[in-house]
Amino acid sequence: MSRRSYRQYCALAKALDVVGERWTLLMIRELMLGPRRYRDLLENLPGMGTNLLATRLKEMEASGMIEKVRAANRERAQAYRLAERGRALESVIRGLVQWGVGLLGTPSENECSRPEWDLVAFRMLFRPELAQKVDGIYALLADELELFVRVEGGRVELLEEIPTGQRPIEIRGPGLLLRALILGDAHPSEVFAGKELVIKGSRRQAKRFFQCFRDPARDGLWPRGGDDA
């Protein structure tokens, strides 16, 4: 099946010829968390058939967005990861996530959800200007998900594993609660006053970490000054 084209000599149209096909950006979302095997992508993208996934992978590889690598801990297994052009889409994904947060509302019965989808938003919603006091490594643990994060110099980075000799601040709790903190639907002070989160390390630093996701449109819901204790 040949790829559809807008047949327009325009940078936006050319970009949409590549990333505008259904499922492509959601596949980029999955690969932003690290290399994924074919089976992983199929499981994490319910509703996408095997034939369409195979087609999209071929198209994305031909476009230079992804590349094949050897899967971790598996000698013969093959995985896919973002190539340089795929990683360059991060700013596009960030803008769409920030715009789409206001559309979430309450999930309907026919909508599926995964902790990975909620927690990947942390990278897109992170506000560097609020991160002067949060440098360090954080482990977000929700259900069966392990997400390792490094914050340094106002930048946030996903890690595949904790660097040797480093001790992260570990934050364990329900996936829905971590989601609410990141999306601004839960007040950090109220959550940290309760017992739903289990923190190993500095609670103050963990709290400051979540305050880096404050939505400017919701500033009135957040305390101002003196709330980083």
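Begin by selecting strand β3, residues 78-82, together with β1; the two pair in the antiparallel sense over two bridges. The model on display is a predicted one.

Within this pair, place the cursor on R37, which stands opposite A79 in β3. Next, add β2 to the selection. The three strands now shown form an open sheet with antiparallel pairing, in the order β1-β3-β2. The edges of this sheet are β1, residues 36-37, and β2, residues 66-70, each of which pairs on one side only.

Keep the sheet visible and select helix α2, residues 24-31. This helix packs on the sheet and touches β1, β2 and β3. Viewed against β3, the direction of α2 makes an angle of about 100 degrees with that of the strand.

Colour α2 by accessibility. How many of its eight residues are buried? Six of them are, and the helix is mostly covered. The buried residues are T24, M27, I28, R29, E30 and L31. When inspecting side chains along a helix, recall that an α-helix has 3.6 residues a turn, so residues three or four places apart point the same way.

Proceed to a second group of strands. Select β4, residues 136-142, and β5, residues 145-152; they pair in the antiparallel sense over seven bridges. Within this pair, Y138 stands opposite V149 in β5.

Extend the selection to β6, residues 155-159, which runs antiparallel to β5 and is joined to β5 by five bridges. Here F148 stands opposite L159 in β6. Then centre the view on the hairpin of β5 and β6, where two residues lie between the strands. Which residue of this hairpin takes a positive phi? It is G153, with a value near 60 degrees.

For the last stop, select F213, found in the segment after α11, residues 203-211. Is F213 buried or exposed? F213 counts as buried because its relative accessibility is 2%, and the limit for a buried residue is under 20%.

Display the surroundings of F213. Leaving aside neighbours within four places in sequence, its contacts are F122, L125, F126, L181 and I182. Among these, select F126 and display the C-alpha atoms of F126 and F213. The two residues are 87 residues apart along the chain, yet their C-alpha atoms are separated by 5.0 Å.

Key:
Residues are numbered from 1 along each chain as its sequence is written. This is a predicted model: local features need pLDDT of at least 70, side-chain atom pairs count only at pLDDT 80 or more; totals for chains, interfaces and linings use all residues. Side-chain values use heavy atoms; hydrogens and water are left out. Two strands pair if DSSP finds at least two bridges between them. Helices (H or I, at least four residues) and strands (E, at least two) are DSSP runs, numbered from the N terminus. Contact means heavy atoms within 4.5 Å. Axes are lines fitted to C-alpha atoms, for helices over the stretch in contact, and angles run from 0 to 180 degrees between N-to-C directions. Buried means under 20% relative accessible area, exposed over 50%, partly exposed in between (1.4 Å probe, protein chains only).
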